[in-house]
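I wanted to go through the helix packing and the nonpolar cores. My notes follow the structure.

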Amino acid sequence: MASRGSASRPNCQTATNKMCQFKLVLLGESAVGKSSLVLRFVKGQFHEFQESTIGAAFLTQTVSLDDTTVKFEIWDTAGQERYHSLAPMYYRGAQAAIVVYDITNLDSFARAKTWVKELQRQANPTIVIALSGNKADLASQRMVEFEEAQGYAEENGLLFMETSAKTAMNVNEVFLAIAKKLPKNEQQNPGGKSNVVPIDPTSQTSSSCCN
């Protein structure tokens, strides 16, 4: 499994460390692999046949950046059209979003662009958006060229990576890139509410940054 950055995390529970907590939402058409990406990131697992998400699923995971631990509260939303009206409930107040498409499905890329426009129009104006071209392990069936997606991402100020939940390619890296781009102090956080809270060394669980 790929490194999640600062893999050894030797100072994770020191008193000088701080924790930043951020809400992250995954958006994209059904069957592009959103749930598989989250499962790979949070549990290091991949299931060939992943059941469709109903409404949304909630998971948490942390990444370590120097003296800061970033905790993601992840909302994995359903991609079916009938759940679209619920999406604002999940991306409202989110500091980060990953918009996912399937590199073998041109329609899913068009849908991803629609999600990006919606986020730019309705979400937090400072939201960090990453575009994930998933199923990179199926490159032989590619319908969306890397350069096209990269160009679109650059034009819209998005982070961009092609990923594979199956092989773990760039899965941890995309979350790490988001973590690096998010503000880590109260002054940079709009609304005046700080996301930085001290770590209680006694409260670390098996799913924490230090396992």
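I looked up which residues of helix α3 are buried (under 20% relative accessible area, 1.4 Å probe, protein chains only): they are Ser-108, Phe-109, Arg-111, Ala-112, Trp-115, Val-116, Glu-118 and Leu-119. Helices here are DSSP runs of H or I of at least four residues, strands runs of E of at least two, both numbered from the N terminus. The model is predicted, so I note that local features need pLDDT of at least 70 and side-chain atom pairs 80 or more, while totals for chains, interfaces and linings use all residues. Residues are numbered from 1 along each chain as its sequence is written, and side-chain values use heavy atoms, without hydrogens or water.

I checked what the buried residues of α3 pack against, and found β1, α2, β4, β5 and α4. Contact means heavy atoms within 4.5 Å.

Next I took α1 and α5. Their axes (lines fitted to C-alpha atoms over the stretch in contact) are 9 Å apart, at an angle of about 85°. The two helices are therefore roughly perpendicular (65 to 115 degrees). Leu-37, Arg-40 and Phe-41 of α1 meet Val-171, Asn-172 and Phe-175 of α5.

Last, I listed the largest nonpolar core (buried Ala, Val, Leu, Ile, Met, Phe, Trp, Tyr and Cys joined through side-chain atoms within 4.5 Å). It has 27 residues, and Leu-24, Phe-41, Phe-72, Ile-74, Ile-98, Phe-175 and Ile-178 touch the most other members. α5 gives the most to this core, 6 residues. Another core, of 25 residues, lies apart from it and includes Ala-87, Tyr-91, Ile-103 and Ala-153.

Notes:
Buried < 20%, exposed > 50% of the residue type's maximum accessible area, 1.4 Å probe, protein only. Axes fitted to C-alpha atoms, helices over the stretch in contact; angles between N-to-C directions. Parallel < 35°, antiparallel > 145°, perpendicular 65-115°, else oblique.
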